[in-house]
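Reader: I have a structure open and would like to talk it through with you. Could we go step by step, beginning with a single contact?

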There are 2 protein chains.
Amino acid sequence: MAIPRSGPNMSAIAAALGVSAATVSNALSGKGRVSPELIERIRAKAAELGYVPSLAARALRTGRTGVLGLVLPDIANPLFPQIAQAIENAASNAGYGVLIADSRGDVARQTEAINRLLERGVDGMVIVPRRGTRIADVGCPVAVIDTPSTPGNTVAADHWDGGAQMGRHLSSLGHRKVLLIGTSASSNVQNDRIGGLKAGLGAGVECEVLWIEKVEAAGGEGCPLGLAERAEAGFTAFAAVSDLSALRALTELQRAGIGVPEAVSVTGFDDLVWSPVVTPALTTMRMDMAAIADLAIAALIRAIGPEGEAEEALAGRVASETDRVPMQLVIRQSTGAPYSGGTPNSHAQPPIKPTAGEHKS
Amino acid sequence: MAIPRSGPNMSAIAAALGVSAATVSNALSGKGRVSPELIERIRAKAAELGYVPSLAARALRTGRTGVLGLVLPDIANPLFPQIAQAIENAASNAGYGVLIADSRGDVARQTEAINRLLERGVDGMVIVPRRGTRIADVGCPVAVIDTPSTPGNTVAADHWDGGAQMGRHLSSLGHRKVLLIGTSASSNVQNDRIGGLKAGLGAGVECEVLWIEKVEAAGGEGCPLGLAERAEAGFTAFAAVSDLSALRALTELQRAGIGVPEAVSVTGFDDLVWSPVVTPALTTMRMDMAAIADLAIAALIRAIGPEGEAEEALAGRVASETDRVPMQLVIRQSTGAPYSGGTPNSHAQPPIKPTAGEHKS
DNA sequence: ATGCCCTGATTAAACGTTTAAGCACGCATA
DNA sequence: TATGCGTGCTTAAACGTTTAATCAGGGCAT
């Protein structure tokens, strides 16, 4: 039955101008030998007729679909919007479409998702792997966004350095006993951030790591983390490696009547949507997602190559050396110098008005 | 140069079995007349050779790509993960791929995004429109997810009823003066929720609407909303129409030393990631995104149709009557009976331990 | 005047599938 | 025995593009 495509095709343009379809193709792609005047006439005619090339036909002929796959560990992850937006933008600037696939935190589903994309003929894919997963060789160019310490990684924020920056920030404010809060000990990203934090805080600072996953294994999901007790025990700063944990810490401390930042400081990571609008606004580390996405897409496109001949050599991982993109410290109102008189807990929340949030320029 | 596709094609199977390619096609699609035994042999051979059909060739021939587009007002929206995940899941169950397009909150970009998807030959698209936008006729089946009161909407959560449920919840707790908090007065979804809230609260309850957009126009982004003053003025409940605003309210009130839920109650909408883990955990309304996505995809597939002949009739909007999916009230710790002795403000945060969060079963 | 190369175009095949149309054969009916 | 029909398969065309191969013609050197 063959559903007729809406618009005109190359033959229509060719017929209208009395030339062959191949010439139209050459003119529009700029590949063969066509006289400049004719190229112009063809361009004009194409525009006049509202010609739109059939991506399907092109894909069939060239083996290139012009589509990239984006595989995410869990779309429900709050960081996802930033990633997806940046990747979509970078890809679309490069003329590629983005097909999404969610692995829902499951390794089996991750493989399945990758296969679905492969069947759809994506030219390459960006994979943000599930924590601790190593991506096996796929049948197409792949860019992995995880953390520089992950083997086979392509491009990532410099999580370690981000941790170090935050560590120095807290240390320079005078904090000497800091609780580091992570979600899962199996996350490479979180481990790198924590490593950086420890290094940035320096040898003179006492610190301890709290893994939420372990606390919840005992107390159930969403259970209290017992941060008030930690404050009483002398911790003056709570450095979470994710804004979600930071928010959890902030509200738990506030709720216990411990003032932030007067009594203790709280910091996060990733500058998620709520960070600028909570009270006090969260001091956090921001990734340059746009830069990361640009690098990932550029690497992918390089690997896809202009002709696909040397693909064999590049088919596996896209780059040998990971590109590290620096993170940026965003100082807001949740950090300050540690309270130095009395116990932190005695320093109840003041009846002051909340400080004004940052005003974006 | 023609990059050779990896796997075998129909001709390979046909050759191996000594039959024609057309028969293979018929056997695998179950369309033509092929003997049961031969079908079985062909199936087996296909599996043996690891045959994967070329979607490009099929698309070229049939005019169907098997890909749906997902157009979002702003990927950075915190609600987006839920939507994308649900749509991706529903589509992939139905054998469709999902191409994303971000309109970045911009109407012009929204049109542009739609066109990009169209050029890529999507079979249909799911559009979550930018606030207040009406989707013009596109050249393919479209499912609009907004709110039932939007003309041309296809499927949506029953935002009004959700508001009503929340209103009744607050009213039954005894609240008689409630501040409704919205972001933008131009959002149909938010207006519906607020309408429902007012109705659910009933005539005996005094309420006022605070639009954050207006406050920020004067005070700058992220500025304080002045909720402590509202509490002093006798408001005992703060019902936000988004969890982001609710979180903002919660932290601002906590920071001012006003106990939630002892002194005042705070409620949100959408059950975003952080809602269960903040202290106190947020009482909120949850959408059944999976159901919404299933309905949207089902409607789309119905409109795409088995043959595409009657497409003319359905090309515009997919359904005449909007499917309303009920919302679900999730009661957590941020709501309670209003404090009845003294002024709310005098009831400072108690030095109690935070209550335990909900434990998922 | 002949041969050669360069330019600007054309022709034709190919990518892998779907599908309308056709064909041969066996079986039942007239 | 001829007619007709349903079954099971084949043939061939088509979808719209890209691209290798070819070709006609003009300018230039020999």
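Reader: Which DNA strand has a phosphate oxygen 2.6 Å from a backbone N or O atom of Ser35(B)?
Author: Happy to start there, with the note that this is a predicted model. Ser35(B) is listed among the closest residues to one of the DNA strands, together with Thr23(B), Met10(A), Tyr51(A) and Arg61(A). Its backbone N or O atom lies 2.6 Å from a phosphate oxygen, and that oxygen belongs to DNA strand D.

Reader: How far is the polar side-chain atom of Arg58(A) from a phosphate oxygen of DNA strand D?
Author: Chain A also reaches the phosphates of this strand. Met10(A) does so through a backbone N or O atom, 2.6 Å from a phosphate oxygen of DNA strand D. Arg58(A) uses a polar side-chain atom instead, and the distance to a phosphate oxygen of DNA strand D is 2.9 Å.

Reader: Which helix gives the largest share of the surface near DNA strand D?
Author: In total, 26 residues surround DNA strand D. By class they are 11 nonpolar, 9 polar and 6 charged. Helices α2 and α4 of chain A and α2 and α4 of chain B each supply at least two residues. The largest share, 4 residues, comes from α4(A).

Reader: Turning to DNA strand C, which helix gives the largest share there?
Author: DNA strand C is surrounded by 27 residues, and the closest are Thr23(A), Ser35(A), Met10(B), Tyr51(B) and Arg61(B). α2 (21-29) and α4 (55-62) of both chain A and chain B each supply at least two residues of this surface. The largest share, again 4 residues, is from α4(B).

Reader: Which residue has a side-chain N or O atom 2.3 Å from a phosphate oxygen of DNA strand C?
Author: Let's sort the contacts by the atoms used. Met10(B) offers a polar backbone atom at 2.6 Å from a phosphate oxygen of DNA strand C, and Ser54(B) a backbone N or O atom at 3.3 Å. The side-chain contact at 2.3 Å belongs to Thr23(A).

Reader: Of the atoms of DNA strand C within 4 Å of the protein, what percentage belongs to sugar or phosphate?
Author: For DNA strand D, sugar and phosphate account for 58% of the atoms within 4 Å of the protein. For DNA strand C, the atoms within that distance are split between bases and sugar or phosphate, and sugar or phosphate makes up 60%.

Reader: Now for the sheet in chain A: which are its edge strands?
Author: This is an open sheet of 4 strands with parallel pairing, in the order β7-β6-β8-β9. The twist averages 20 degrees from one strand to the next. An edge strand pairs on one side only, and that describes β7 (206-211) and β9 (265-267) of chain A.

Reader: How many of the residues of β6(A) are buried?
Author: β6(A) pairs with β7(A) in the parallel sense over 6 bridges, with Val209(A) as the bridge partner of Leu180(A). Lys177(A), Leu179(A) and Ile181(A) point one way, Val178(A), Leu180(A) and Gly182(A) the other way, and all are buried. The count for the strand is 6 of 6.

Reader: Which helix packs on the sheet touching β6, β8 and β9 of chain A?
Author: Two helices can be told apart by the strands they meet. Helix α8 (residues 188-201) lies across β6, β7 and β8 of chain A, at about 165 degrees to β7(A). The helix touching β6, β8 and β9, with a direction about 160 degrees from that of β9(A), is α11 (residues 243-255) of chain A.

Methods: Residues are numbered from 1 along each chain as its sequence is written. Chains are lettered from A and ligands numbered from 1 in the order in which they are written. This is a predicted model: local features need pLDDT of at least 70, side-chain atom pairs count only at pLDDT 80 or more; totals for chains, interfaces and linings use all residues. Side-chain values use heavy atoms; hydrogens and water are left out. A residue is near a molecule or strand if one of its heavy atoms lies within 4 Å of it. A polar contact is a pair of N or O atoms within 3.5 Å; within protein, one must be able to donate a hydrogen and the other to accept it, and residues adjacent in sequence count only if both atoms are side-chain atoms. Two strands pair if DSSP finds at least two bridges between them. Axes are lines fitted to C-alpha atoms, for helices over the stretch in contact, and angles run from 0 to 180 degrees between N-to-C directions. Contact means heavy atoms within 4.5 Å. Ala, Val, Leu, Ile, Met, Phe, Trp, Tyr, Cys and Pro count as nonpolar, Asp, Glu, Lys and Arg as charged, and the others, Gly among them, as polar. Buried means under 20% relative accessible area, exposed over 50%, partly exposed in between (1.4 Å probe, protein chains only).
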